[in-house]
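Got a protein with a ligand to look over? Let's go through it in questions and answers.

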Amino acid sequence: MIKAIVGANWGDEGKGKVTDVFAQQSDIVVRFQGGNNAGHTIINEYGKFALHMLPSGVFNPHITNVIGNGVALNVAGLMKEINQIKERGLNPNLMVSDRAQIVMSYHILFDTLEEARLANKQYGSTKSGIAPFYADKYAKIGFQVCELFDDVWLDEKIDRILAQKNALLIHLYQKEPITKQQILEELHGYRDQIAPYVHDTITFLHKAYHDGKTILLEGQLGALRDPDFGIYPYSTSSHTLAHFGAIGAGLPYPIEEVWAVTKAYSSAVGAGPFVAEIFDDEAHQLRIRGGDAGEYGATTGRPRRMGWFDVVATRFGCQVQGATHVVLTNLDVLSYLDNIPVVIGYDTPNYHQDRFPNITRIQQSKPILTTLPGWKTDISKITDYDLLPLAAKQYVDFIERQIGVKISLVSNGPHREQIMSRTSKL
Ligand code: GDP
């Protein structure tokens, strides 16, 4: 059985926590896209972690964690995380696909140089090399993990790649060229570190599926960062949608449950249209209370952009994710408000109020807001959904009706046990 845990918004919805919770009743967790450009925060009995490369099943000894072929593999980042986990006495059971591709140091360099070149037109990249990495993958000049083990193959390929990279470095960015020796040494270093983890994960996952194992697909970022359906070009460079798992994990089977994770308010990192955005003190008050330690990027430490819950964006996010269930996280964060604004429509010239507009239209969209009563009491210690204040339950009911997907779980704190099941009204 395959279940997916994916973001309905711009990322940072709390997927890491939800995956950690679900992992307890699963057998395998697979990362199927993205790289170390976003972090999944997990707080459990081992401590607090921001996982960028490792699947969030690593805290459960019975789980096999898979880095699938669709991932942008940053070997140094992965090794750092493995060591952090080992320091806490855990030994992650990890497999890396022999078809995953490697993020090279020049991908990070090009990401940084390009953002600098774009100056005030930049995309707000985390500079983790993700866009140059995926560009190379589809231009067929990336390195698959399996290629690391064939020096003859590498020798020819490096020449071909360097000719192109050095032309860009010298002529576009006015930088020093890279040498073949540098690249070879880098690849050999990665080969030696990654070797113990490399597997034919496709065969492993197919067998596991047919043996009836429960497989979790752990998405990175959210639907609105998908390069096709999101706010392109302010998107990421890999598909953030559950059904991309068929490709990125190599599991072409129906996903029985797609759990779309959404926060009870909005946040986003980087540039791009964000209709629900609030500013100044209103944003500051929400930011300092959000998440486990305020809304600051797990990868960059940047203050996240803040907004109220966005029905239009979340309904669309659930739609493109093919969501069967929703997890609403961070409900506790809203407890300070007398009244809670919610974006229920977009005022977009000559366009539908209830549809998520394309990139050219969304630039002109203004939020249409309503306000719901707050509950003004700490709800973080409540363990039974029915015991929530009426206004909190009404807030959840309202959002469920608006997005049209059942909200089956409500999270009221960053810790593993702070999650309540709810009987949906849909
Ligand atoms: P992910 O990338 O989707 O896993 O999300 P992040 O880890 O980047 O951001 C989610 C933030 O919300 C983290 O700080 C989590 O610890 C925190 N978090 C998750 N669920 C809850 C919740 O229900 N309440 C609160 N207060 N924080 C939560």
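Q: Which pocket does the ligand sit in?
A: Bear in mind that this is a predicted model. A molecule counts as sitting in a pocket if more than half of its atoms lie within 2 Å of the pocket's grid points. By that test, the ligand's home is the second largest pocket.

Q: Which elements give two or more residues to the shell around the ligand?
A: One of them is a helix, and it gives the most to the shell, with 3 residues: α1. A strand also makes the list, so the full answer is α1 (15-23) and β3 (40-44).

Q: From which domains does the shell draw at least three residues each?
A: The shell has 20 residues, and K15, G16, T41, D292 and S411 come nearest. Sort the shell by domain and two pass the mark of at least three residues: domain 1 (2-99 + 198-259) and domain 3 (262-421).

Q: How many nonpolar, polar and charged residues does the shell around the ligand have?
A: Glycine is counted with the polar class here, so G16 goes there. K15 and D292, which are among the residues that come nearest, fall in the charged class. The whole shell splits into 2 nonpolar, 11 polar and 7 charged residues.

Q: Which side chains have an N or O atom 2.5 Å from an oxygen atom of the ligand?
A: The cut-off for a polar contact is 3.5 Å between N or O atoms. A backbone N or O atom of G291 makes it at 3.0 Å, but its partner is a ligand nitrogen. For ligand oxygen at 2.5 Å, one side chain is that of D292, and another is that of S411.

Q: How much of the ligand's exposed area does the protein bury?
A: Start with the ligand taken alone, which exposes 580 Å². Of that area, the protein buries 98%.

Q: Is the peptide bond from Y232 to P233 cis or trans?
A: Most peptide bonds are trans. P233 lies in the loop between β10 (215-222) and α8 (245-248). Omega for the bond from Y232 is near 10°, which makes this one cis.

Q: What is the phi of D280?
A: Most residues other than glycine have a negative phi. D280 is found in helix α9 (residues 280-289). Although D280 is not a glycine, its phi is positive, at about 50°.

Terms used
Residues numbered from 1 in each chain as written. Predicted model: local features only at pLDDT ≥ 70, side-chain atom pairs only at ≥ 80, totals over all residues. Heavy atoms only, no water. Near = heavy atom within 4 Å. Polar contact = N/O pair within 3.5 Å; in protein donor to acceptor, adjacent residues only side chain to side chain. Areas by Shrake-Rupley, 256 points an atom, 1.4 Å probe, with all protein chains shown as cover. 1 Å grid on protein atoms, 1.4 Å probe; cavity = no way out; pocket = protein on both sides within 12 Å on 5 of 7 lines; lining within 4 Å. Helix = DSSP H or I, 4+ residues; strand = E, 2+ residues; numbered from the N terminus. Domains from an automatic or database assignment.
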